[in-house]
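This report describes a single protein chain, with attention to one helix and to enclosed space. The sequence and structure come below.

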Amino acid sequence: MTTHETKQLLSDHVDMRMVAVDTDEPTADRNTIVQLNPDHPGFRDQEYRKRRNQIAQLALAYQPGQTIPEAPYTPDEHRVWQTIWTALAPAQQQHACAEYQSALTRLSFASDRIPQLREVNEKVMAISGFRLEPVAGLVQPRVFLENLADGVFLCTQYIRHHSTPLYTPEPDVVHEIVGHGVTLASPRLAEINRLFGKAVRHTRSADALEKLSRLYWFTIEFGVLREDGAVKAYGTGLLSSAGELEEMRDAELRPLDLEAATNQDYDPTHFQPVLFCADSFDAMYEGLKTYLVNW
């Protein structure tokens, strides 16, 4: 793969889950299986597709409250995890905020293997009360966000294809665990997630849901803040991608105006050119908490 091709692939490393849908559409089941597009790196790999379907079936059979089944990761997939950590660990050390760093230490991932969702769930529940529950594929924004109100994060278990370890066209277990799982091991970030879910629960119009999805995008997914004179990331889309963390240095930084964020368009297929930057973690937390409570 050429450097140019790698750059193009990395530009798609974002969470497509937050692209809002018309609320007039029927609400899909939380376990809709997503078919791979022909341009997906694993589309022509029958073994990969077979294993993804196997992992999806585990989620389909799962009932809340049961022990989360273990995903059958292969040595190739564990090597993908190792490759990602080699790139991600130094990028996080440089660009992640202190709140994330503390939560990451509490979860203490091994660098040589993909952690099972069950292990991560047990640790996160003990810290913040949030539960990670497996789903077969992507779910609609409303389904995903409303579950947050109950302290439930719907989580995919499959990992990206081994041919492109630094790229995924959809949220995979790396994004879910390294991004969201870690932030949910922060009681204050877990609280903000719950408040997003509660706000969505009493949001009925498509326009209002779109605004909340944008706010989630520019805070929980791509939020940054100032810390000790430097810009640090607290957004999961940034923290789960070495490419995103490096590129955030070139983004246009705007003050964290929550109303402006609800009206800011974004393109989920490119590195983010605009980021909203809070003055501090405390300022972000207090401002976002108040805004969501009063939504």
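In this predicted model, the buried residues of α4 are covered by parts of the chain that include α3 (75-95), α5 (117-128), α7 (173-183), α8 (187-201), α10 (236-239) and α13 (281-293). Helix α4 itself spans residues 98-107, and its buried residues are Glu-99, Tyr-100, Ala-103, Leu-104 and Leu-107. Viewed down the axis of α4, these buried residues fall within an arc of 130°, so they line one face of the helix. Just after α4, Ser-108 adopts a positive phi of about 45°.

α8 also takes part in enclosing a cavity: α8 and α9 (206-221) each supply at least two residues of the lining of the largest cavity. The structure holds one cavity of 30 Å³ or more, and the volume of the largest cavity is about 40 Å³. Its lining consists of Thr-183, Leu-189, Asn-193, Thr-219, Ile-220, Tyr-234 and Thr-236. By class, three of the lining residues are nonpolar, four are polar and none is charged.

Values for the chain as a whole are tabulated here.

| Property of the chain | Value |
|---|---|
| Secondary structure | 13 helices and six strands |
| Buried residues | 54% of the 295 residues |
| Exposed area | about 12,400 Å² |
| Share of the exposed area from carbon and sulfur atoms | 50% |

Sequence separation was also computed for contacts in the chain. Among contacts between residues at least 6 apart in sequence, 68% join residues at least 24 apart.

Notes. Residues numbered from 1 in each chain as written. Predicted model: local features only at pLDDT ≥ 70, side-chain atom pairs only at ≥ 80, totals over all residues. Heavy atoms only, no water. Buried < 20%, exposed > 50% of the residue type's maximum accessible area, 1.4 Å probe, protein only. Helix = DSSP H or I, 4+ residues; strand = E, 2+ residues; numbered from the N terminus. Arc of directions from axis to C-beta. Contact = heavy atoms within 4.5 Å. 1 Å grid on protein atoms, 1.4 Å probe; cavity = no way out; pocket = protein on both sides within 12 Å on 5 of 7 lines; lining within 4 Å. Points joined across faces, edges and corners; volume = space filled by probe spheres on them. Nonpolar A, V, L, I, M, F, W, Y, C, P; charged D, E, K, R; others polar. Areas by Shrake-Rupley, 256 points an atom, 1.4 Å probe, with all protein chains shown as cover.
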